[in-house]
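Open the model in your viewer and keep the sequence panel beside it. We will walk through it one selection at a time.

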Amino acid sequence: MSVSFSAWTARGRGSARLAAGALVSGLVATTVLAGAGTAAADDGTAPGRGGAAATIGGLKTYGAAVIRGAAGDTQVSAGLFEMSVEGGGTLQTYCVDIHTPTQKDAKYHETAWSGTSLGINEDAGRIHWILQNSYPQVNDLAALAKKAGVRGRLTEQDAAAGTQVAIWRYSDDLDVDAVDPQAEQLADYLHEKARNRPEPAASLTLDPPAVSGRPGERVGPVTVRTDAHSVTVSPPADAATGGVRIVDEKGEPVTTAVDGSRIFFDVPEDEAADTVELTAQASTTVPVGRAFVSESRSQTQILAGSSESTVSATASATWAEKGAIPALSARENCVKGGVDLTVTNRGDEPFTFALAGAEHTVAVGGSGTVTVPLNEDQPYDFTVQGPPGFQERFTGMLDCRTRAAEVGATTQTLTAPSATPLVDTPTDTNLAATGASSATPWITGSAIALVVLGGAALVITRQRQIPSGD
């Protein structure tokens, strides 16, 4: 569920049209967005992507579980996945969408709960409690067994299976049991004792992920949000040749930062209109309970454990001498069923743009958020068009509901032949999927490059008044 964009290359004024590869119908209206504050994720982090990116390697420690359904029972694998972090590190995760297959070698990235099914699940906090109070966070299995009242020896496989089963009961709201008695006893204990815990903060984000201003001034600020002790800040490529520099509030060059640091793009007065990007990177343990999602419709994961891992985030700055100077960012919002597009304007003229057949205006010095309604489980690809030469493209996929919630997923009986899985099932312990590995594969709208928004109204979120001016 990523959001990507390409920067605009020219400035100016004029009419605008939505260009998303197809004509989008709907009533054209003009809406003033001035006065709405910058959007923020529910956990207080930046609306752009940041944190760890990883490739899933398959199940490492697991047992068996049985899903009880009207059509019969289905036996599935249940346990811990392992992911390899880009840049170094290892993650352990459980899945939170039992009927969706896990794609082999799928790429995942860290995200806020609000961009996943956890964002609309009132029991998400109980899942976080389970993660904090069971394996692998609690690795003294004898002590865990005693506390949970488990009769007999609790193995790592039992602990992983029991924990996964307890999570599924809250994430998918299904009747599911562990096959092994010790695992089932642990699952029952965790399910009964679970209490709400708040969503953990992101490992690293930059807030906001896009800023704008004029040359000859410090453009920003961008605030660092991280649980790492220190963050390395890499300036734009031309910084060493006397171009844009990354500085603090006093104008001093910045190469490292900590949580709460406010950093700026120092743009020379003679710089032509452009957009540049900085990168922040750190090594830290990713907080337990963070969500991980993939664009390949692979099972959503929730973090159970992390080694010291590489995390990163980016922020961009756009500047121009005159006219509208917008900065755009976006994030999935599962509560509203769409993508929140946040726009700020630090220019000396209003910024008017077209989106989904409607025209919107952000006043001088203002900002606002438009929620673009989207269809579940379908790729989206839309471009925001502004003055001549301005366009930014946003792509991704909205995955806000578990498959069980979407279709009341059907299951196969234990004696029925299994359908061909989406991924090969290895014969060793490196299985590629839990839950859906023996269920019928399900893909909706493959190769869809565009969500047709039709005449759906855009939701305008007003937060606080921002005065006009610089």
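This tour of a predicted model goes from helices to strands and then to a few unusual backbone spots.

**Stop 1: helix 1 against helix 3**

Start by selecting residues 124–132, which are helix 1, together with residues 156–171, which are helix 3. Their axes come within 9 Å and cross at roughly 170 degrees. An angle over 145 degrees counts as roughly antiparallel, and helix 1 and helix 3 are therefore described that way. Now show side chains: helix 1 contributes Arg126, Ile127, Ile130 and Leu131 to the contact, while helix 3 brings Thr163, Ala166, Ile167, Tyr170 and Ser171. Coloured by class, this contact of helix 1 with helix 3 shows 6 nonpolar, 2 polar and 1 charged residues.

**Stop 2: helix 3 against helix 4**

Keep helix 3 on screen and add helix 4, residues 181–193. How closely do the axes of helix 3 and helix 4 come, and at what angle do they cross? They come within 8 Å and cross at roughly 40 degrees, which makes helix 3 oblique to helix 4. The crossing of these two helices is right-handed.

To see the contact, pick these two sets:

- From helix 3: Asp158, Ala159, Ala161, Gly162, Thr163, Val165, Ala166, Arg169 and Tyr170.
- From helix 4: Gln182, Ala183, Glu184, Leu186, Ala187, Asp188, Leu190 and His191.

By class, the residues in the contact of helix 3 with helix 4 divide into 9 nonpolar, 4 polar and 4 charged. Thr163, Ala166 and Tyr170 of helix 3 take part here, and they also belong to the contact with helix 1.

**Stop 3: just past helix 3**

Move along the chain to Asp173, in the loop between helix 3 and strand 7 (175–178). Asp173 is not a glycine, yet its phi is positive, near 55 degrees. Is Asp173 buried or exposed? Its relative accessible area is 68%, and over 50% counts as exposed, so Asp173 is exposed.

For another example, select Asp105, in the loop between strand 5 (90–95) and strand 6 (107–111). Asp105 is likewise a non-glycine residue with a positive phi, about 60 degrees. With a relative accessible area of 48%, Asp105 is partly exposed.

**Stop 4: a four-stranded sheet**

Next, bring up strands 8, 10, 14 and 12. These 4 strands form an open sheet in the order 8-10-14-12, with antiparallel pairing. Which strands sit at the edges? They are strand 8 (204–207) and strand 12 (245–247), each of which pairs on one side only. Direction ignored, neighbouring strands of this sheet are turned by 30 degrees against each other on average.

Zoom in on strand 8 and strand 10 (residues 218–226), an antiparallel pair joined by 4 bridges. Find Thr205 and you will see Arg225 of strand 10 opposite. While you are in strand 10, look at Pro221: the peptide bond joining Gly220 and Pro221 is cis, with omega about 5 degrees.

There is another cis bond to visit, from Tyr135 to Pro136, with omega near 10 degrees. Pro136 is in the loop between helix 1 and helix 2 (141–148).

**Stop 5: two hairpins**

Select strand 21 (residues 351–355) and strand 22 (residues 358–362). They run antiparallel, joined by 5 bridges, and Thr352 has Thr361 of strand 22 as its bridge partner. The two strands make a hairpin with 2 residues between them, and in the turn Ala356 has a positive phi of about 55 degrees. Strand 21 is largely enclosed by the rest of the structure, because 4 of its 5 residues are buried.

The other hairpin pairs strand 24 (residues 379–385) with strand 25, residues 391–397. Here 7 bridges join the antiparallel strands, and Asp381 is partnered by Thr395 in strand 25. The hairpin has 5 residues between its strands, with Gly389 in the turn showing a positive phi of about 95 degrees. Strand 25 has 5 of its 7 residues buried, so it too is largely enclosed by the rest of the structure.

**Last stop: Leu374**

Finish at Leu374, in the loop between strand 23 (367–373) and strand 24. Leu374 counts as buried, at 11% relative accessibility. Add Glu332 and draw a C-alpha to C-alpha distance: Leu374 and Glu332 lie 42 residues apart in sequence and 9.7 Å apart in space.

Notes. Residues are numbered from 1 along each chain as its sequence is written. This is a predicted model: local features need pLDDT of at least 70, side-chain atom pairs count only at pLDDT 80 or more; totals for chains, interfaces and linings use all residues. Side-chain values use heavy atoms; hydrogens and water are left out. Axes are lines fitted to C-alpha atoms, for helices over the stretch in contact, and angles run from 0 to 180 degrees between N-to-C directions. Angles under 35 degrees count as roughly parallel, over 145 as roughly antiparallel, 65 to 115 as roughly perpendicular and the rest as oblique. A crossing is left-handed if the near helix is turned anticlockwise from the far one by less than a right angle, and right-handed if clockwise. Contact means heavy atoms within 4.5 Å. Ala, Val, Leu, Ile, Met, Phe, Trp, Tyr, Cys and Pro count as nonpolar, Asp, Glu, Lys and Arg as charged, and the others, Gly among them, as polar. Buried means under 20% relative accessible area, exposed over 50%, partly exposed in between (1.4 Å probe, protein chains only). Two strands pair if DSSP finds at least two bridges between them.
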